[in-house]
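Here's a quick walk through one model, with the ligand site up front and a few helices and backbone oddities after that. Keep the viewer open and click along.

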Amino acid sequence: MPASNTSLRVLADADVIAQLRALRTKQPVRFTAFYSSQLGGIVTDPALMVIPFDDHMVHRGHGIFDTAGIVNGRIYDLDAHLGRFLKSAERSKLKLPGTRDDMRDIIIKTAAASGLKNGSIRYWLSSGPGNLDLMPVAAAEPGFFVMIFPGLVYPEKWKTEGVRVMTTTYPIKPPLYAITKTTNYLPNVLMQMEAKEKGFDNGVFIDHDGHVGESSNMNVAFVSHENVLVHPKFDHILSGCTSLRLLELAQKLVKSGQLTDVRVSDITMKEAVAAKEMLLIGSSVKVAGIVQWDSHTIGNGKPGPVSRALLQLLEEDMRSGDRLIDVPY
Ligand SMILES: Cc1ncc(COP(=O)(O)O)c(C=O)c1O
């Protein structure tokens, strides 16, 4: 911000571009390609990856998003992520900028323009710009944006030593907002900040009936003493694409005898902390073992064998499964 004793200039177009570039040198990012329906194409200069301030996604949170991974030059499980995106759009009363196939095509082409072989694709749908009201402007075009970036990175020790979580003091979102992937992540952000402030890695939401919910941007699951993989019901948390896929892949562990069953049901915190293993699951973290929850040690305090086996199954599926799309670089 300019000091209060300097005069405020009215900027020319070139000043704005220069300032946007300067911002990026101060806050380096590795965003490699960005599509915007408002710009009408793809840009690769991060300084130009912008959204108008009056877009209702910015000032009212009237927008949704989703994230899929790029693994060895292929997009993993995009159709599941797009399916969830469309459900979120419908619940949020957002108009679509085109067909599902149009959006899928734009996502794949933006990934190709990025040249990135391993990373993440995040895409958003907004109700569009036009005013600072609540209702979308009658003639507003929905905004569709796609960003290609290296993906979220977690500490290596999450894998080797496991993750430590706390029960958040922040209330869980009401079910409608929890199952919809909107840009309103304030409770999730506050939960993660609170956990870091208190020396934990992340938090866990508990619902009003005392049932386990989810973490900030990840699901949680458990392995009971009877070797049952138990996942919370998806009616009050986000339907994680990774969790849903792992619930299918885990059948292989039932066949091999490592698990006796796979179940989706309500889990009380008392049952949960007594589990043999607790898992953190999501597109960014994949599968990590949770070894401590509040003051409770989970299992023997080390990431367990089911967490390792599920990570292996997931990585195999990402390398050579049937849910991969080749990126036409
Ligand atoms: C709140 C929340 N729960 C769970 C997940 C895990 O979902 P996925 O496996 O699709 O990444 C995410 C990630 O998007 C999330 O934001």
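## What counts as the shell

A residue belongs to the shell around the ligand if one of its heavy atoms lies within 4 Å of it. Helices, for their part, are DSSP runs of at least four residues, numbered from the N terminus. With that in hand, α3 and α8 (241-249) each supply at least two residues of the shell around the ligand. Bear in mind that this is a predicted model.

## The ligand site

How many residues surround the ligand? There are 16 of them, and the closest are Lys181, Tyr185, Glu214, Thr242 and Ser283. By residue class, the shell splits into nine polar, four nonpolar and three charged.

Which side chains put a polar atom by a ligand oxygen? Lys181 is one of them, with a polar side-chain atom 2.6 Å from an oxygen atom of the ligand. For Ser283, a polar side-chain atom also lies 2.6 Å from a ligand oxygen, and for Arg84 an N or O atom of the side chain is 2.9 Å from one. On its own the ligand has 390 Å² of accessible area, and the protein covers 94% of that.

## Helix α3 and His81

Arg84 is one of the buried residues of α3, a list that also has Leu78, His81, Leu82, Phe85, Leu86, Ser88 and Ala89. The helix has 14 residues, and from first C-alpha to last it reaches 20 Å, close to the 20 Å expected at 1.5 Å a residue. Just after α3 comes Lys93, with a positive phi of about 55°.

His81 sits in this helix, which runs over residues 78-91. Is His81 buried or exposed? Its relative accessible area is 3%, so it counts as buried, given that the cut-off for buried is under 20%. The His81 side chain makes a polar contact of 2.8 Å with the side chain of Asp66. Leaving out residues up to four places away in sequence, His81 touches Asp66, Thr67, Ala68, Tyr76, Tyr123, Cys241 and Ser283. Two names there are worth a click: Ser283 is among the closest residues to the ligand, and Cys241 is one of the buried residues of α8.

## Helix α8

The other helix named for the shell, α8, is mostly covered, with seven of its nine residues buried. These are Cys241, Thr242, Ser243, Arg245, Leu246, Leu247 and Leu249. Thr242 turns up again among the residues closest to the ligand.

## Helix α11

Does the length of α11 fit an expected helix, or what span should it have? Its 16 residues should span 22 Å at 1.5 Å a residue, and its end C-alpha atoms are 22 Å apart, so the two agree. Its buried residues are Val306, Ser307, Ala309, Leu310, Leu311, Leu313, Leu314, Asp317 and Met318.

Ser307 has a relative accessible area of 4%, so it is buried. Not counting residues up to four places away in sequence, Ser307 touches Glu277, Leu279, Val287, Ala288 and Gly289. Glu315, also in α11 (residues 305-320), is partly exposed at 26% relative accessible area. The C-alpha atoms of Glu315 and His56 are 38 Å apart, with their positions 259 residues apart along the chain.

## Around Ser284 and Lys286

Ser284 lies in the loop between β12 (277-282) and β13. At 26% relative accessibility, it counts as partly exposed. Its side chain makes a polar contact of 2.9 Å with the side chain of Tyr154. Tyr154 is among the residues that Ser284 touches, along with Leu152 and Asn217, again not counting residues up to four places away in sequence. Ser284 and Gly151 are 133 residues apart in sequence, yet 7.0 Å apart in space, C-alpha to C-alpha.

Lys286 is in strand β13 (residues 286-293) and is partly exposed at 26% relative accessibility.

## Positive phi angles

Most residues other than glycine have a negative phi. Against that background, Lys286 has a positive phi of about 65° although it is not a glycine. Asn72 has a positive phi too, near 50°, and is found in the loop between β3 (63-71) and β4 (74-76).

Technical notes: Residues are numbered from 1 along each chain as its sequence is written. This is a predicted model: local features need pLDDT of at least 70, side-chain atom pairs count only at pLDDT 80 or more; totals for chains, interfaces and linings use all residues. Side-chain values use heavy atoms; hydrogens and water are left out. Buried means under 20% relative accessible area, exposed over 50%, partly exposed in between (1.4 Å probe, protein chains only). A polar contact is a pair of N or O atoms within 3.5 Å; within protein, one must be able to donate a hydrogen and the other to accept it, and residues adjacent in sequence count only if both atoms are side-chain atoms. Contact means heavy atoms within 4.5 Å. Accessible areas come from the Shrake-Rupley method with a 1.4 Å probe; for residues, only the protein chains shown count as cover. Ala, Val, Leu, Ile, Met, Phe, Trp, Tyr, Cys and Pro count as nonpolar, Asp, Glu, Lys and Arg as charged, and the others, Gly among them, as polar. The expected span of a helix is 1.5 Å times one less than its number of residues.
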